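Welcome! Take a moment to look over the sequence and the 3D view, and then let us walk through a few features together.

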Amino acid sequence: MYKKTVLVTGGGGFIGSHLCERLLNDGCDVICLDNFFTGSKNNIRHLLKNPAFELIRHDITLPISLEVDAIYNLACPASPVHYQHDPVQTARTCILGAMNMLEIARRLHIPVLQASTSEIYGDPKEHPQTENYWGNVNPIGIRSCYDEGKRAAETLFFDYHRQYKFPIKVIRIFNTYGPRMHPHDGRVVSNFIVQALNHQDITIYGDGSQTRSFCYIDDLIEAIVRVMNRTHAAETGPVNLGNPTEFTVLELAEKVIKLTGSKSKIVFKELPQDDPTRRKPDITKARNLIHWEPEVQLEEGLQKTIAYFRETLKKS
């Protein structure tokens with residue numbers, strides 16, 4: 001039986017490492033490509049002895065030639081603290097990285113999946129967000145390197161698809177959390193958990209009324225694999241992947257304090273520029289196309305994530 005070889009860019013990251021693990025469990029040979037700008041070898045250390053797993057340290061802004069059967073393009077800093085650290089490199093990763101992966105897919109005529117983001121909707125004027133919504137994005141703001149970089153990557157994917165006729169899949173990932181998140185990535189879930197476990201003040205930017213929808217990592221990975229495995233060439237996406245249950249940031253902080261038994265107090269600071277006030281996916285398309293919706297409730301997912309961070313902080 002033929003064994004597929006799958007390339008995962010950003011495979012040392014939070015989402016990428018879980019995807020590598022899942023693909024190995026599904027019987028694939030997996031090539032993990034990462035420059036470890038934000039990813040960590042610790043995320044994939046347990047996979048290194050697996051003969052079906054190969055790690056290549058490489059920056060996808062530089063061309064590379066590989067022989068594979070499918071590509072999942074996840075490589076890119078994905079949290080504000082990381083993508084704003086080097087905004088030019090973030091834009092290069094989004095755009096040049098996409099082109100380099102598309103060139104491999106064009107040459108081999110293989111399917112390639114682009115991990116896009118809910119950030120392409122910006123601070124949305126439509127709620128919840130459907131895939132037909134074009135977004136409300138500031139093209140020159142401090143978040144634009146990521147927001148507009150991902151929008152440009154989507155453009156490239158669809159132009160390559162129309163011009164060269166090979167299969168593409170585009171997913172738009174909404175807030176995702178779980179084990180292997182970077183403890184200092186500036187995301188709201190990891191921030192709150194780390195602050196709570198250290199009994200530090202929990203910092204909320206704005207008044208806490210802004211909303212987010214939190215999807216547990218296992219649910220997201222299941223959806224990503226299902227999208228890629230849809231073989232019909234016309235099913236390109238984009239497809240929203242996320243949890244449509246909406247929580248305020250203040251509600252999240254209160255849940256984290258309760259679940260950690262923390263003595264932390266909540267403090268409020270000024271909202272950063274262009275921070276979206278509401279974010280919630282319409283996942284009708286995912287329900288119809290891949291028969292998927294999230295199963296893990298927020299409290300259950302937070303308990304697993306808190307347990308992971310508790311162990312991680314003990315070792316640091």
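Which residues do ring pairs link into a cluster? They are Y121, Y133 and F174. Keep in mind as you explore that this is a predicted model.

## Aromatic pairs

The structure holds six aromatic pairs. One of them joins Y160 and Y164, a tilted pair with 5.4 Å from centre to centre and 50° between the planes. Both residues belong to helix α4 (residues 144-164), and because they are four residues apart there, about one helical turn separates them.

How covered are these two? Y160 has 9% relative accessibility, so it counts as buried. Y164, with a relative accessible area of 35%, is partly exposed.

## The neighbours of Y160 and Y164

Y160 also pairs with F166. Their ring centres are 6.4 Å apart and their planes meet at 65°, so this pair is edge-to-face. Y160 and F166 are both buried.

Y164 has a charged companion: the charged end of R106 sits over its ring, 5.3 Å from the centre.

## Helix α5

Now turn to helix α5, which spans residues 188-197. This helix is mostly covered, with nine of its 10 residues buried. Among the buried ones are V188, F192, I193 and L197.

What do the buried residues of α5 pack against? Their partners are two strands, β7 (176-177) and β8 (202-205), together with two helices, α7 (249-260) and α9 (298-315). Just after α5 comes H199, which takes a positive phi of about 55°.

Technical notes. Residues numbered from 1 in each chain as written. Predicted model: local features only at pLDDT ≥ 70, side-chain atom pairs only at ≥ 80, totals over all residues. Heavy atoms only, no water. Buried < 20%, exposed > 50% of the residue type's maximum accessible area, 1.4 Å probe, protein only. Contact = heavy atoms within 4.5 Å. Phe/Tyr/Trp six-rings, centres within 6.5 Å; stacked < 30°, edge-to-face > 60°. Lys NZ or Arg CZ within 6 Å of the ring centre and 35° of its normal.
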